[in-house]
Amino acid sequence: MKTNAEILRELLDSKPILKICGAYDAMSAKLVENVGFDAVWAGSFAISAINAVPDASILTMTEFFDAASKMVNVCKIPVIADCDTGYGGPNNVRHLVKKYESAGIAAISIEDKIFPKQNSLLENGTHALLSEKDFVGKIIAANDAKQNKEFMIIARVEALIAGLGMDNAIKRARAYEKAGADAILIHSKKHTPEEIFEFVDSWNGNLPIVVVPTNYGTVKIDELIQHKIKMTIYANQTLRAAHAAITRTLNEMIKVESMSEIKEKISSMEDIFQLQEMYDLQTNEAALEEKYKKLGYES
Ligand code: SPV
Ligand code: MG
C-alpha cells in the first residue's frame with residue numbers, strides 16, 4: 001500500500017497544480033475530501049480558532065499534532081500539517097518530524113519566523129524572522145529525522161510578510177533549497193498576486209512552489225499554473241464558512257418559536273449519519289453474522 005507521502009508526490013508529478021483546502025478538524029477534512037480536493041491543509045490559524053485562541057504559538061505541538069492526526073485517521077487524501085516555526089529549535093523539529101511522519105502525515109510546513117509567531121495576515125502583527133542560517137539548521141534537522149524520502153519538508157519563506165523585500169526572499173528560498181527542503185511556500189499579504197509572480201519568475205530554483213492566496217484571492221487557477229506554481233492552499237475558507245453559518249443559524253435560533261423554522265437551512269441528521277458512516281455499522285453487523293454462520297455458531 002502506498003504511503004500518504006507517496007500519494008502526494010505522485011499527485012505533484014501528475015497534475016499541473018494541486019488544489020489543497022484547509023480543514024480545522026476531522027469532519028471538515030472529510031468534507032474537503034468528499035468534494036474532490038487533492039489534499040488537506042491542517043492550518044495553525046484554523047486549528048487555533050476552533051480552540052478560540054490566537055494563532056500565535058499558543059497551542060502546543062501536541063495539540064496541533066492531535067488535530068492533524070485526527071484528519072489523517074478519516075481521510076484517504078494526504079494531509080499537510082502547518083507546523084508554524086517548528087515549535088522551537090532544530091531538536092524540536094527533529095522530534096516533530098519523527099512524530100508527524102510516523103502518524104501518516106504526508107508533509108509538514110515550517111516557517112522562518114521567530115517563536116512565538118503571529119498569523120502572517122494580521123495587520124500590524126509581529127513578524128520578526130530567524131536568521132537564514134538558523135532556519136537552514138531547522139531544515140537540515142528535519143531532513144536528518146525523516147525516514148522516507150517522499151515525506152515532504154515545505155520551507156515557508158516569510159520575508160515578504162516581514163517587509164524584507166524580494167532579494168531577501170529569493171536569497172532565503174535558494175538557501176532553503178540548498179539545505180534540502182522539498183518545496184518552498186512563498187507567502188504574501190498583498191491584495192494582488194504581482195509580488196508572488198515576481199518571486200516565482202525570478203528565483204530560478206527547482207523545487208515546487210506553494211502559495212496561499214488568501215489576501216490575493218482574485219488570482220485565477222490558470223494564472224497560478226502559467227507561473228508554474230504547483231500547489232495552492234485555500235487555507236481558511238472552511239473555517240470562515242463554518243463561523244458564518246453557525247453565527248447566522250444561532251441568530252435565527254434565538255428568535256424563532258420552534259426549531260422547525262430553521263430545519264431547511266441546516267444539514268439533516270441523515271447528512272451527518274452519512275458523514276460519520278453510521279450505516280457501515282449495519283453492514284459490518286451483517287458481515288459478522290455471515291462469518292459466525294460459516295464458523296458454525298447459532299445466531
Ligand atoms: C494557516 O492557515 O494557518 C497559515 C496561512 O499559516 S496564514 O493564515 O495566511 O498565515
Ligand atoms: Mg499557520
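**Domains, a magnesium site and nonpolar cores**

User: Into which domains is the protein chain of this predicted model divided?

Analyst: In this predicted model, the protein chain is divided into two parts, and their bounds come from an automatic or database domain assignment. These parts are domain 1 (4-235) and domain 2 (244-294).

User: How many Å apart do the C-alpha centres of domain 1 and domain 2 lie?

Analyst: The chain is divided into domain 1, residues 4-235, and domain 2, residues 244-294. Taken between their C-alpha centres, the separation of domain 1 and domain 2 is 33 Å.

User: Which residues coordinate the magnesium ion (ligand 2)?

Analyst: The coordinating atoms, an OG and an OD, lie at 2.1 to 2.2 Å from the magnesium ion. One residue lies in helix α3 (residues 44-50) and the other in strand β3 (residues 79-82), so the pair ties together parts that are 38 residues apart in sequence. The two residues are Ser44 and Asp82.

User: Is serine 44 buried or exposed?

Analyst: A residue counts as buried when its relative accessible area is under 20%. Serine 44 has a relative accessibility of 2%, and therefore counts as buried.

User: Which helix gives the most to the largest nonpolar core?

Analyst: The largest nonpolar core has 65 residues, and those with the most contacts inside it include Tyr100 and Ile108. With seven residues, the element that gives the most to this core is helix α4 (residues 61-74).

How values were computed: Residues numbered from 1 in each chain as written. Chains lettered and ligands numbered in written order. Predicted model: local features only at pLDDT ≥ 70, side-chain atom pairs only at ≥ 80, totals over all residues. Heavy atoms only, no water. Donors = N, O, S within 2.8 Å, 3.2 Å for Na, K, Ca; no water. Helix = DSSP H or I, 4+ residues; strand = E, 2+ residues; numbered from the N terminus. Buried < 20%, exposed > 50% of the residue type's maximum accessible area, 1.4 Å probe, protein only. Core = buried A, V, L, I, M, F, W, Y, C linked by side-chain atoms within 4.5 Å.
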